[in-house]
Amino acid sequence: MRLEILSALNAERAARRAAIVVTDVESGAQRLVKAADVAADPLKDVLEHRLRSGKSGMAETRQGRVFLTVHVPPPHLVITGAVHISQALAPMARLAGYDVVIVDPRTAFATKERFPDVPMLAEWPDTALPRLAVDRYTAFVALTHDPKIDDPALIFALARDCFYIGALGSKKTHARRVARLEEQGVAKEALARIRAPIGLKIGAVSPAEIAVAILGEITAELRLPAEKAS
Amino acid sequence: MLARDEEILKAAEEWRRSGRGVALATVMETWGSAPRPVGANLVIDEEGNFLGSVSGGCVEGAVVAEALDVIESGKSKVLEFGVADETAWNVGLSCGGTIRVLVEKVD
């Protein structure tokens, strides 16, 4: 791979933009196609399909056999709530490859001592979230248990196409939340996307176990085909 | 430290920019059960330092050895690993799958 291709690829990845490296298997010729340029590419159909699936692989094209390496941005995890569960979830998610950021305006919770190496914004979601790249490669998790913080954050996340949205709270708490958000004009279909009670059913008790359940559910949403994820 | 996908490609670029000979190995195809998906990367420098993986650790040694050749010659190679047998590289995938790996020089 030529250094300028690798360098351009790393720049796209750093900017959270998808890109595909096309390698001609016969000749070894290589080029980088940025997501924004796919529509104008001779291999448009194949490349569009690959971008959607995010899967690398071989493809037969009019131009011969090519190897397509698909690079989609690393998934993002945005958490509201610098709470006990987040202290376990943030490092676990980082190991699993997520860029993690925590938003919590309560400065007693959002401290460096509690979260030594997680980027943290001690601000209200309305101020903090618009500055973050909340996109289709983002998982959003509401953990404060406080409607003043979680509700506006959920409204923000639901208006983006985050691949996963989950919220802490029992069925009862969630029913009250759904009622509140409906009153604020959020559509029923959008509200149905919220995973609550949050996490896979694994009998989790401790904050760390709940973090495992949440990360498991996020992974399933990211990796399993749509019909199997829920 | 555990290497994440984007760190592997960043390392490939940084290693090359600092003047080291570098090769990039990428899983091209898999058959049967294979531990790492198509597109997974392993980056290797001229001294045999490496980051990332193309299998569960079964064939990395052989890929690193081949990568040193690729760094020297500049010519890309496609390696195939299957169930352990005499013919391939004397290593194999204990999971019983087969993988094909592209090894190319970064320059």
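This is a guided tour of a predicted model with chains A and B, going from one selection to the next.

Because the model is predicted, local features need pLDDT of at least 70 and side-chain atom pairs count only at pLDDT 80 or more, while totals for chains, interfaces and linings use all residues. Residues are numbered from 1 along each chain as its sequence is written, chains are lettered from A and ligands numbered from 1 in the order in which they are written, and side-chain values use heavy atoms, with hydrogens and water left out.

**Stop 1: chain A as a whole**

Select chain A, whose C-alpha trace spans about 60 × 40 × 35 Å along its principal axes. Colour it by secondary structure and you should find nine helices and nine strands; here helices (H or I, at least four residues) and strands (E, at least two) are DSSP runs, numbered from the N terminus. Of the 230 residues in chain A, 50% are buried, where buried means under 20% relative accessible area, exposed means over 50% and partly exposed lies in between, with a 1.4 Å probe and protein chains only.

Next, colour residues 3-71 as domain 1 and residues 76-229 as domain 2 of chain A, bounds that come from an automatic or database domain assignment. The C-alpha centres of these two domains of chain A lie 32 Å apart.

**Stop 2: a hairpin in chain A**

Select residues 19-34 of chain A to see strand β1 (residues 19-24) and strand β2 (residues 30-34), which run antiparallel and are joined by five bridges; two strands count as paired if DSSP finds at least two bridges between them. One of the bridges to look for links A:T23 with A:Q30 in β2(A). Five residues separate the two strands of this hairpin, and in its turn A:G28 has a positive phi of about 80°.

**Stop 3: the parallel sheet of chain A**

Now display the open sheet in which five strands of chain A, paired in parallel, follow the order β7-β6-β5-β8-β9. At its edges are β7 (120-121) and β9 (164-167) of chain A, each of which pairs on one side only. Strand β6 (residues 99-103) of chain A meets β7(A) over two bridges, and A:I102 has A:M120 in β7(A) as its bridge partner. Add helix α3 (residues 84-95) of chain A, which packs on the sheet and touches β5 (76-80), β6 and β8 (138-142) of chain A, its direction making about 160° with that of β6(A). Such angles run from 0 to 180 degrees between N-to-C directions, and the axes are lines fitted to C-alpha atoms, for helices over the stretch in contact.

**Stop 4: chain B**

Move to chain B, where two helices and five strands are found, and follow the elements from the N terminus as α-β-β-β-α-β-β. Of its 107 residues, 47% count as buried. The five strands of chain B form an open, antiparallel sheet in the order β3-β2-β1-β5-β4, with β3 (50-52) and β4 (77-81) of chain B as the edge strands. Strand β2 (residues 41-45) of chain B pairs with β3(B) over three bridges, and B:V43 stands opposite B:L51 in β3(B).

**Stop 5: where the chains meet**

Finally, show both chains together: 23 residues of chain A are in contact with 23 residues of chain B, a contact being heavy atoms within 4.5 Å. Which three residues of chain A should you select to see 32% of the area that chain A buries against chain B? They are A:M1, A:L3 and A:F67, which supply more of that area than any other three residues. Between them the two chains bury about 1,800 Å², 60% of it on carbon and sulfur atoms, where buried area is the accessible area (1.4 Å probe) that two parts lose on being put together, summed over both.
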